[in-house]
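These are my notebook entries on one structure. I looked up rings, charges, strands and cavities in turn.

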Amino acid sequence: MSVGAPRGLASSGQKPITEILHPLSAAEEPLSPAPDVPISVGEDKEVGLTNGMPVEAPSPTTASVLLNRLQLDDNQDTDAMDPYASRETRDLLVTVDEPKKHVSTMETYITYRVSTKTTRIEFDLPEYCVRRRYQDFDWLRIKLEDSQPTHLIPPLPEKFVMKGVVDRFSEEFVETRMKALDKFLKRVADHPVLSFNPHLNAFLTTKDLNKRQGLALLTKVGESVKHVAGGYKLRARPTEFCAMGEYLDTFSQKLGTIDRIAQRILKEQSEYLTELREYGSVYSSWAGSEEELQRPLEGVAGCVTTCCGALEDLSENMSQDFLPVLREYILYIESMKNVLRKRDQTQAEYEGRLEAAILRKQEDRTPIPVEVEKCQDKVECFNADLKADWERWQSNKRQDFKQLLIGMADKNVNYYEKCQAAWESLITLLQDKQTEDKTSDMN
């Protein structure tokens with residue numbers, strides 16, 4: 001059960017036992033959506049994908065409307081949109097940094113320093129420092145997923161990379177992965193339920209985890225078998241969770257398209273950068289053999305060099321800051337869909353047990369078994385936890401993408417400002433050269 005998450009029937013949206021087998025009526029009203037920035041899903045209209053609840057929303061027609069949407073008031077946004085804002089625990093601070101390469105006869109791998117500062121009584125010391133490799137983070141996520149099945153577990157960066165395409169020991173790759181692991185651990189440590197999980201405590205404090213991934217795998221297989229057993233088909237997913245699923249499908253499509261286009265842009269920028277460098281070197285060599293044009297030609301070569309550096313910075317920002325956020329949320333979507341499937345499996349199990357109990361009651365007046373009520377309680381718990389994590393995820397998403405888009409705009413402005421300043425300085429140089437030539441001719 002989530003901290004602060006009510007388990008009552010009214011709050012969870014779960015129907016009483018006698019009504020669960022009946023489809024939702026048209027009179028039932030869906031949850032009211034909260035305001036959010038609309039995302040276009042078609043040519044004729046925009047649909048506001050707000051907490052999974054589609055609503056009609058007009059496109060902004062003035063610059064002031066667009067600017068108002070990009071205003072960042074962190075305190076107001078956090079208080080208004082994040083249900084955990086007033087309860088956020090800041091007594092557990094974690095950091096992932098200082099990657100280190102280890103080479104042995106059997107394998108080569110990277111470890112990261114995990115530092116912890118806390119005032120919680122669950123910890124014996126106020127500070128800890130351990131080293132962890134990727135598979136240790138994976139062990140933690142599996143343990144969290146097994147022990148907290150009703151909660152959304154933040155995603156890890158993808159483990160496998162294509163050999164020959166990405167060097168997993170390169171400084172850029174290790175830096176990007178370290179940032180992703182740091183974000184994963186911070187999201188877990190900031191969660192009001194996951195942060196109290198004993199497996200997280202062990203991960204942060206134990207020097208040697210004893211490579212217990214095998215046990216976690218067996219547990220996971222057992223859970224999968226248990227969920228598959230029965231084969232009962234869900235009658236009807238509640239409206240609010242249907243809206244969540246539709247939102248995730250649309251959001252996934254949008255992010256996937258942006259990711260593919262961004263990859264192409266990055267490739268084209270790399271090719272353009274190669275051509276631009278060759279272009280500038282031609283002017284440099286030309287200047288050495290043309291004395292009268294030496295200064296203008298060197299000026300052009302300098303401008304091209306400046307533009308190359310600016311473009312390199314822009315591309316680096318896209319590859320190290322922009323794309324990782326897109327990929328994190330693509331993986332987040334899969335994690336959320338997985339929790340939704342587990343919720344549906346739990347509801348299906350409850351409906352199957354309830355239907356069987358009702359049939360038995362009609363035949364021999366047997367009372368509803370306690371197991372059925374326990375299943376209903378499990379569904380209520382799932383609903384409450386999932387809705388709380390959904391709201392939290394939506395709040396984090398809004399903040400992350402506002403910062404991402406503002407950062408992208410800032411980097412593009414810097415790029416064009418550097419290029420503009422370089423070419424303007426060349427114009428000044430050429431004008432000065434022209435004045436000198438006229439003065440020389442007059443003399």
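The entries below record what I found, topic by topic.

**Basis.** I worked from a predicted model, in which local features need pLDDT of at least 70, side-chain atom pairs count only at pLDDT 80 or more, and totals for chains, interfaces and linings use all residues. Residues are numbered from 1 along each chain as its sequence is written, and side-chain values use heavy atoms, with hydrogens and water left out.

**Aromatic rings.** I searched the whole structure and obtained 16 aromatic pairs. I took rings of Phe, Tyr and Trp (its six-membered ring) as paired if their centres lie within 6.5 Å, with planes under 30 degrees apart counted as stacked, over 60 as edge-to-face and the rest as tilted. Tyr-329 and Tyr-332 make a tilted pair, because their ring centres are 5.5 Å apart and their planes stand at 40°. Both residues belong to helix α9 (residues 294-364), where a spacing of three residues puts about one helical turn between them. I used DSSP runs for helices (H or I, at least four residues) and strands (E, at least two), numbered from the N terminus. Tyr-329 and Tyr-332 are buried, that is, under 20% relative accessible area, where exposed is over 50% and partly exposed lies in between (1.4 Å probe, protein chains only). I also noted that they join Tyr-247, Phe-251, Trp-390, Trp-393 and Phe-401 in one aromatic cluster.

**Charges over rings.** I required NZ of Lys or CZ of Arg within 6 Å of the ring centre and within 35 degrees of the ring normal. Lys-397 places its charged end over the ring of Phe-251, 5.4 Å from the centre. Arg-343 does so over Phe-241, at 4.5 Å from the ring centre.

**Arg-133.** I located Arg-133 in strand β6 (residues 127-133). Its relative accessibility is 15%, so Arg-133 counts as buried. Neighbours within four places in sequence aside, Arg-133 is in contact (heavy atoms within 4.5 Å) with Glu-107, Tyr-109, Ile-110 and Thr-111.

**Strand pairing.** I counted strands as paired if DSSP finds at least two bridges between them. Strand β4 (residues 92-103) pairs with strand β5 (residues 108-118) in the antiparallel sense over 10 bridges. The two strands form a hairpin with four residues between them, and Leu-92 has Thr-118 in β5 as its bridge partner.
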